[in-house]
Amino acid sequence: MPALSTPLVTPKFTLPNRLVFPAMSTSSGAPDGSVTDATLDFFRQRSQGFGLVVVEHSYVSAWGKAGPKMLSVSRDEDIPGLSSLTALLHQNGCQAHLQLDHGGGWTIPELQGVLDPLKNPEGRRITGAITDEQLSQVVEDFAAAAVRAREAGFDGVQIKACHVYLLGQFYSPLTNCRTAGRYSGTTFQGRIQLTLDVLDAVRRAVGPEYPVSVRFAVQDYDERGSTLEEGVRAGKLLEEHGADLLDLSGGPKHRYFHPFSKEPGWFGQDALAVREALSIPVSVAGGVTAWEHAQNLLDRGCADLVGVCRAAVRDPLWARAALASAANC
C-alpha cells in the first residue's frame with residue numbers, strides 16, 4: 001500500500017503525495033467574488049505540504065452565487081485574481097484545482113443561512129422551478145468557467161455534485177421533485193443526468209488531457225434517498241464520461257458528515273466499494289486529524305488520496321508535520 005509521501009501517478013497528472021486540502025468555503029471573496037488578500041493569506045501556509053489543493057467552490061454564473069463572499073469564476077475579469085492564487089499554490093509545490101459550483105436552492109435569499117434546507121419548501125422546489133432552457137445555460141456556464149480556471153493556471157477543475165447545491169440537489173431523491181423529462185427525480189438516470197451533461201460539456205471545453213474531477217455524494221443515508229449501490233453505479237458513469245478523479249462526500253441531508261460513523265475518514269467504507277469498481281483514483285475525507293488516520297485509509301484500500309481540512313485550518317503547517325512524522329515511523 002502507498003505511504004502518504006508516495007506520488008500518485010495517473011495518465012494526466014502526477015501528485016507529489018497522497019494528501020489533499022479539500023474545497024472548503026473561506027468566505028474571503030470580495031463582494032464581486034474576486035480573490036482578496038484574505039484569500040491568499042488563508043492558503044499561504046495551509047497549502048504547504050499538500051500534494052493537491054482544491055480551492056473552494058466558486059460560482060460559475062451570477063445566479064449560482066450561494067453566499068455574499070463566495071469566490072467567482074463567472075467572468076473573464078476573475079482570471080487575474082485567480083491567477084495570483086494559483087501562483088501562490090504552485091510556489092508551495094502543490095497541484096491546484098478549482099471547484100466549480102452552482103448554488104441551486106441556496107441562491108434563493110430566504111434559504112441562505114438555513115441550516116437544513118430540506119425543511120424549507122423552496123429547497124425542494126428549486127429543481128422543479130428551473131426550466132430546461134435555464135439548465136442548458138447552467139451547463140454552458142460550467143464549461144465556460146472551466147476554461148477560465150485553466151487560463152488562470154489551475155492544473156485541473158473539480159465539478160461539485162454533492163451537498164446542498166444544484167447538481168447534488170438534482171441527484172438526490174430527497175430534493176429532486178421533477179416527475180418527468182430529462183432530469184426527472186423519479187429515475188436514477190434522470191437524477192444523474194445533469195451532472196453527466198455538465199461533465200460532458202466541461203470535457204469538451206477543456207479537451208481530453210486536462211484533469212477533471214467530480215466531488216460526488218456517495219449516498220444520502222436516508223431510506224428515501226440515494227443508495228450506495230447507486231453511488232457505485234454513478235461512479236462508473238462518471239468515469240465513462242471522462243472524470244479523472246472521484247472525490248466522495250455526502251448528499252443534501254447530511255452534507256459532509258456521516259450520520260452513522262465517527263471513524264476518521266467517515267465515508268471510507270463506502271469509498272472502498274466505489275473504488276473497487278473504478279480504475280480512476282478515489283479521494284475521501286472527513287474527521288481525519290492525524291497522519292495515522294490518513295495512512296490507515298490508504299492501507300485499507302479505501303482511497304488513493306485523503307482529504308484533511310479542519311485539522312489544517314487549525315494548524316496551518318499540519319501537512320508538513322504529518323509527512324515528517326510518517327517518514328520517521
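What follows is a conversation about aromatic pairs and one helix packing in this predicted model.

Trainee: What should I know about the numbering and the confidence limits of this model?
Mentor: Residues are numbered from 1 along each chain as its sequence is written, and side-chain values use heavy atoms, with hydrogens and water left out. Because the model is predicted, local features need pLDDT of at least 70 and side-chain atom pairs count only at pLDDT 80 or more, whereas totals for chains, interfaces and linings use all residues.

Trainee: Is the aromatic pair of Phe-21 and Phe-50 stacked, tilted or edge-to-face?
Mentor: Rings of Phe, Tyr and Trp (its six-membered ring) pair if their centres lie within 6.5 Å, and planes under 30 degrees apart count as stacked, over 60 as edge-to-face and the rest as tilted. For Phe-21 and Phe-50 the centres are 5.5 Å apart with 75 degrees between the planes, and the pair is edge-to-face.

Trainee: Is Phe-21 buried or exposed?
Mentor: Buried means under 20% relative accessible area, exposed over 50% and partly exposed in between (1.4 Å probe, protein chains only). Phe-21 has 1% relative accessibility and therefore counts as buried.

Trainee: How are α7 and α8 oriented to each other?
Mentor: Axes are lines fitted to C-alpha atoms, for helices over the stretch in contact, and angles run from 0 to 180 degrees between N-to-C directions; under 35 degrees counts as roughly parallel, over 145 as roughly antiparallel, 65 to 115 as roughly perpendicular and the rest as oblique. Helix α7 (residues 228–240) and helix α8 (residues 268–276), being DSSP runs (H or I, at least four residues), pack at about 45 degrees with axes 9 Å apart. The two helices α7 and α8 are therefore oblique.
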